[in-house]
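Trainee: Please take a close look at one chain of this predicted model for me. I would like its confidence, its make-up and its contacts in one connected account.

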Amino acid sequence: MGYIEIRGLAKRYDETPVFESIDLDVERDEMCVLVGPSGCGKTTLLRAIAGLVDPDDGRIAIDGRDITRLPPKARGIGMVMQQYALFPNMTVEQNLAFGLEQQKLPAPEIRRRVAAMIELVGLQARARARPNALSGGQKQRVALARALVLEPKLLLLDEPMSALDAQIRKRLRDELKRLQREIGFTAIMVTHDQEEALVVGDRIAVMQSGRLSQIGSPHNVYGAPASQEVASFIGDFNILAPAAVERLFRHRPGRSWAIHPGAFEIAAHRHLNGGAVLSSDCFEADATVAGMQMLGPVIRYHLQAESIALKMDVLNRPSHGPIAPGSPLRIRLSAADVREI
Amino acid sequence: MDGESRAPSLTLPRSGGGQAGTRLGPTMQGLSVRSRVKLCAFLFALPLLAILALFEIAPLLAIAWNSLHDDDGLITLANYAEILGSRFQRSAFVTSVLVSAGSAGLGILIGLPVANILRFMPVRLQQTVLTYANIGSNFTGFPLAFAFIIMFGLSGSFTLLLAKLGIAGHLDIYSTAGLVVVYAYLQVQLAILLLFPSLGAITPEIEEMATMVGASRLKFWWRIGLPILSPSLIGSFILLFANAMGTYATAYALVGGNANLVTLRIGELAAGDVYSDPQLADTLATLLILVLIVPVIVEQALLKRSRP
Amino acid sequence: MTKHGKDAQRVVVGLFVALQVLPVLSVALNAFATDWAGSILPEGLTWHWAGQIFADPRFTLALRNSLVISFGAMLVSAAVTIPAVLAGHCYLPSLDRCLGALVILPYAVPGIALALGLMRIYSGQYGVQLNGTPWVLILGYVPLGASFYYLPIKNNLRAVPVRELIEAGHLVGAGDLAIMRRVILPAVIRGVVVGLVMNFALAISEFVYANLLVGGLYPTLQIFMNVLRQGSGRLTSVVVTVYFVVVWILSTAVVAVMARRED
């Protein structure tokens with residue numbers, strides 16, 4: 001039993017399912033990130049939770065109360081939309097106050113809560129500005145504050161960072177986590193950016209073509225992908241069919257191998273020809289560097305081994321120069337790092 | 001023509017070269033090329049500018065000039081004094097303003113909800129409706145008046161239908177109220193055309209957000225929708241008002257000289273057999289333009305003040 | 001919500017069609033009715049009135065005159081306005097602002113005021129006698145129709161990175177004229193098509209200029225309707241129907257063209 005409980009949720013448009021058999025639990029004060037490629041149905045799922053889209057099947061409950069058929073405003077859900085959708089004719093303060101006014105709260109109470117929230121997101125200086133005078137990052141914070149000031153039971157974030165540039169994005173990501181620590185809220189966030197998902201999420205739900213293919217902690221989803229699709233989407237894994245594994249390592253497994261690019265090691269010497277099983281828990285193969293990409297903390301090498309393309313990440317140490325394209329090298333892989341899927 | 005064809009060949013060495021010492025040269029050449037292209041562009045715009053000067057600006061100056069002169073060509077304000085002193089002419093302005101404001105208001109009142117529903121239709125349907133509204137806004141003058149006479153005239157089929165249904169009080173299209181209705185037929189279509197683009201500012205997301213924070217539809221339109229639209233509502237109203245104030249053909253075809261509208265008075269004074277008085281006609285026309293220009297200037301000033 | 005929305009859509013489209021079709025239908029019925037007095041619907045249909053009009057040389061003359069003026073005004077307006085709008089938008093921003101104000105001006109200034117002015121200038125006092133000839137209408141309609149090109153073309157141009165396109169054109173060695181013709185003009189062609197039809201519809205519907213400046217010297221359809229007004233309503237109905245049919249055929253053609261371009 002989760003704080004948020006979604007069971008068997010489904011939505012079809014003209015018989016084509018947008019999403020189906022969605023089961024998801026989110027604990028109190030937890031940030032659940034719904035990650036998946038664009039078009040996988042994650043935004044529609046979020047809108048169904050918000051009540052903006054009617055699901056065809058299934059139910060949604062918050063804190064034991066079934067909200068599946070309630071109108072959006074009766075659900076106690078706050079939302080931040082991709083394009084923020086701030087009310088353009090209202091100042092920052094008025095944007096925040098509007099929702100509280102609908103609850104018919106006394107004016108002093110509204111003023112107090114609006115001021116406190118504006119301070120919390122650090123927008124005191126822009127409190128009387130209109131949305132079109134704000135920067136992208138500021139708009140985003142107003143949208144977040146407007147949702148949080150109503151103290152929702154659940155906060156929905158629909159790709160809240162996608163319209164921002166990389167720098168501001170990182171800062172707001174941290175800010176979102178800080179706010180969550182300070183005031184504590186339960187949230188479901190949608191993103192197509194797997195890095196963002198891993199950083200922000202307490203729990204990650206990977207969504208692919210309308211279904212949740214894996215739910216777990218960031219560590220669990222990244223380190224132990226449940227399917228080839230999850231492996232290639234989240235961890236950028238190398239996926240090798242049994243025949244390919246046999247060509248490389250002279251060992252035929254029953255199922256495909258998923259190998260993380262960081263799992264390869266460069267063996268010190270080339271003492272054997274061809275692939276080999278050194279022992280039951282270690283494999284080696286010859287490869288050639290076909291190209292490299294500088295990713296920052298790591299260098300990504302694109303290797304060719306037995307005409308199979310492999311991705312290998314090596315820690316970028318300033319003292320080690322890059323390996324030149326064309327260089328032969330021997331790669332080693334520990335069996336513990338191989339995931340059969 | 002010459003500048004057009006030579007432009008690329010002159011700019012080419014600038015991008016290819018780059019030797020020190022000739023730095024000034026290419027820049028100067030570049031400038032002259034640019035100004036030649038501009039001159040050429042101006043030549044292309046010249047025919048339109050000439051026609052606008054001769055057939056839009058000159059006529060306006062002509063009537064303004066005429067309105068300030070008497071029959072002997074002496075400068076005078078007597079024409080203005082005569083019109084402003086005439087109860088008949090003043091009441092023409094009052095009737096025109098009432099009919100125009102009424103029909104403009106009706107146009108917006110009906111056009112706004114229609115344009116709003118249009119937002120949610122497939123793009124192709126939108127295009128079709130807008131194109132026909134565009135064409136329909138040209139159904140002025142005789143065709144329109146005539147259609148209304150057939151439908152709502154004394155023995156019009158709708159008049160008879162309404163009578164059969166026992167709905168009392170038929171619409172007298174030859175009255176001032178009738179004029180408002182006939183004008184409104186055009187104003188609604190114009191209002192749809194004018195308001196539809198500005199409704200783009202009200203995105204579905206903003207409406208959804210308002211729902212999420214608990215606002216009813218009514219609340220949403222009152223607190224957010226209408227305030228967002230207010231500049232374009234005012235602008236559209238002024239345009240519709242001006243459109244109705246200037247309508248001549250429809251009124252002429254419908255009521256002939258019977259209604260006391262400014263445009264009908266102008267037509268009478270300009271070409272009437274009995275009352276012809278060119279100076280007075282020009283004065284009346286100049287006054288009409290002034291009445292229409294003032295709201296536009298006020299609106300522009302308000303717009304400027306609202307976004308400093 | 002969606003079901004409710006669909007219903008509202010149907011109602012709106014229905015009302016709109018009614019608004020557009022009912023007047024036309026009434027006039028057309030009146031044109032072909034045998035007897036239609038004191039009843040809601042006519043008792044029978046006849047070609048009598050239509051035949052009478054089509055045999056009337058005044059009608060054929062008016063129709064011809066209207067088509068000459070409408071096509072003439074449309075072509076002249078397009079020929080002078082389109083280059084000017086492009087030149088202003090692409091090269092002369094200050095001219096562009098000025099054009100923007102000038103083409104909007106006729107919306108605020110009543111046609112009858114402009115017509116009076118034209119009457120004063122082109123009746124020969126200043127050595128130019130245009131009044132009474134089709135030329136005063138063809139040229140006089142240009143300011144009234146300019147906005148039909150200016151507004152949609154500007155709309156289309158806003159979506160086009162004109163400066164970058166011109167620079168890119170220069171880099172591949174194209175002249176400005178070629179860039180305009182091959183790159184910019186195709187981008188605004190939709191606006192041009194809309195403008196052409198609107199312009200035509202305006203010119204064939206216009207009465208004030210035609211009545212005051214040309215009148216019986218070069219009678220158009222609208223003038224002919226005015227003349228007929230004194231006589232039989234049936235004959236007027238036939239002329240109005242012909243006018244409706246011409247305009248509707250044209251606008252439907254545009255809707256079809258626009259729809260095809262979208263695919």
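Mentor: Let us take chain B. The model is predicted, and chain B has an average pLDDT of 81. Of its residues, 84% score at least 70. One stretch falls short of that: residues 1-28 of chain B have a pLDDT below 50. In the model, this stretch still has 28 contacts beyond near neighbours in sequence. Treat those contacts with the score in view.

Now the make-up. Chain B holds 13 helices and zero strands. Read from the N terminus, its elements are α-α-α-α-α-α-α-α-α-α-α-α-α. The chain has 308 residues, and 42% of them count as buried. Take the contacts in chain B with a separation of 6 or more: 70% of them join residues 24 or more positions apart.

Next, the partners. Two pairs of chains are in contact, and chains B and C share the most contacts. This contact draws 69 residues from chain B and 74 residues from chain C. On the side of chain B that touches chain C, helix α2 (residues 24-67) of chain B gives the largest share, with 18 residues. By type, that side of chain B has 48 nonpolar residues, 16 polar and five charged. A caution belongs here. Helix α2 of chain B begins at residue 24, while the stretch with pLDDT below 50 runs over residues 1-28. The start of the helix therefore lies within that stretch, given how helices are numbered as runs along the chain.

The other contact is with chain A. It takes 17 residues from chain A and 15 residues from chain B. On the side of chain A that touches chain B, β6 (77-80) and α2 (92-102) of chain A are the elements that give two or more residues. Of these, α2(A) gives the most, with three residues. This side of chain A divides into 11 nonpolar residues, five polar and one charged.

What of chain A and chain C? They do not touch, and their nearest C-alpha atoms are 10 Å apart.

Chain A makes a useful contrast in make-up. It has nine helices and 19 strands, whereas chain B has 13 helices and zero strands. Buried residues make up 38% of the 341 residues in chain A. Among contacts in chain A with a separation of 6 or more, 63% join residues 24 or more positions apart. The C-alpha atoms of chain A fill a box of roughly 80 × 45 × 35 Å along the principal axes.

Definitions and conventions: Residues numbered from 1 in each chain as written. Chains lettered and ligands numbered in written order. Predicted model: local features only at pLDDT ≥ 70, side-chain atom pairs only at ≥ 80, totals over all residues. pLDDT = per-residue confidence, 0-100. Contact = placed C-beta atoms within 7 Å. Helix = DSSP H or I, 4+ residues; strand = E, 2+ residues; numbered from the N terminus. Nonpolar A, V, L, I, M, F, W, Y, C, P; charged D, E, K, R; others polar. Buried ≥ 20, exposed ≤ 12 C-beta atoms within 10 Å, placed from the backbone.
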